[in-house]
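Me: I have a structure open and would like to learn how to read it. Please take me through it step by step.

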Amino acid sequence: MENSYEIPNKSKDVSLKELRDRLAEFAELRGWEKYHSPRNLLLALVGEVGELSEIFQWKGEVAKGLPNWTADDKEHLEEELSDVLLYLVQLADVCGLDLGQAALTKIIKNARKYPIVNQKTKSTYN
Ligand SMILES: Nc1ccn([C@H]2C[C@H](O)[C@@H](COP(=O)(O)OP(=O)(O)OP(=O)(O)O)O2)c(=O)n1
């Protein structure tokens, strides 16, 4: 088992399965599995989406790559994005679903629903 308190190597590729397993271990070691029902995890997820939204609230449009943001602001954003992801991964897990496989399947369904069109003549947005 990896040391749970060690910040991981930045170049390491992270899989949804690894996050799922680390989160399951995190909850088990603390005896929190009984609280991690689908409904509770969904409410926690929505709460974190609210915290993520607060970062952008009242800022006006934000340029891609966040060129004018401080390192602290970017770190805060990373943390809130992670909270959303981590609750989403746990929600899928306690529902017995394979989130990675489901997301890949959904990308295929999206591609079938929205076929590629010549962008000079037609766009999805008009
Ligand atoms: N029962 C819990 C409580 C927390 N977490 C994990 C998932 C999130 O990544 C993070 C959420 O922790 P907090 O509730 O402390 O929320 P924040 O990190 O957003 O702190 P704060 O609300 O003080 O900004 O911890 C969890 O898995 N299960």
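Reply: Start with helix H3 (residues 71-94), which supplies three residues, the largest share of the shell around the ligand. Helices (H or I, at least four residues) are DSSP runs, numbered from the N terminus. This is a predicted model: local features need pLDDT of at least 70, side-chain atom pairs count only at pLDDT 80 or more, and totals for chains, interfaces and linings use all residues. Residues are numbered from 1 along each chain as its sequence is written.

Me: Which residues are around the ligand?

Reply: A residue is near a molecule if its C-beta atom, placed from the backbone, lies within 6 Å of it. Here these are Trp32, Tyr35, Glu51, Asp83, Leu86 and Tyr87.

Me: How do the residues of that shell divide into nonpolar, polar and charged?

Reply: Ala, Val, Leu, Ile, Met, Phe, Trp, Tyr, Cys and Pro count as nonpolar, Asp, Glu, Lys and Arg as charged, and the others, Gly among them, as polar. The shell has four nonpolar residues, two charged and no polar ones.

Me: What should the 19 residues of helix H2 span?

Reply: The expected span of a helix is 1.5 Å times one less than its number of residues. For H2 (residues 38-56) that gives 27 Å, and the end C-alpha atoms are 28 Å apart, which agrees. Just after H2, Trp58 has a positive phi of about 70°.

Me: Is Gly50 buried or exposed?

Reply: A residue is buried if 20 or more other C-beta atoms, placed from the backbone, lie within 10 Å of its own, exposed if 12 or fewer, and partly exposed in between. Gly50, in helix H2, counts as exposed because it has 12 C-beta neighbours inside 10 Å.

Terms used. Helices (H or I, at least four residues) and strands (E, at least two) are DSSP runs, numbered from the N terminus.
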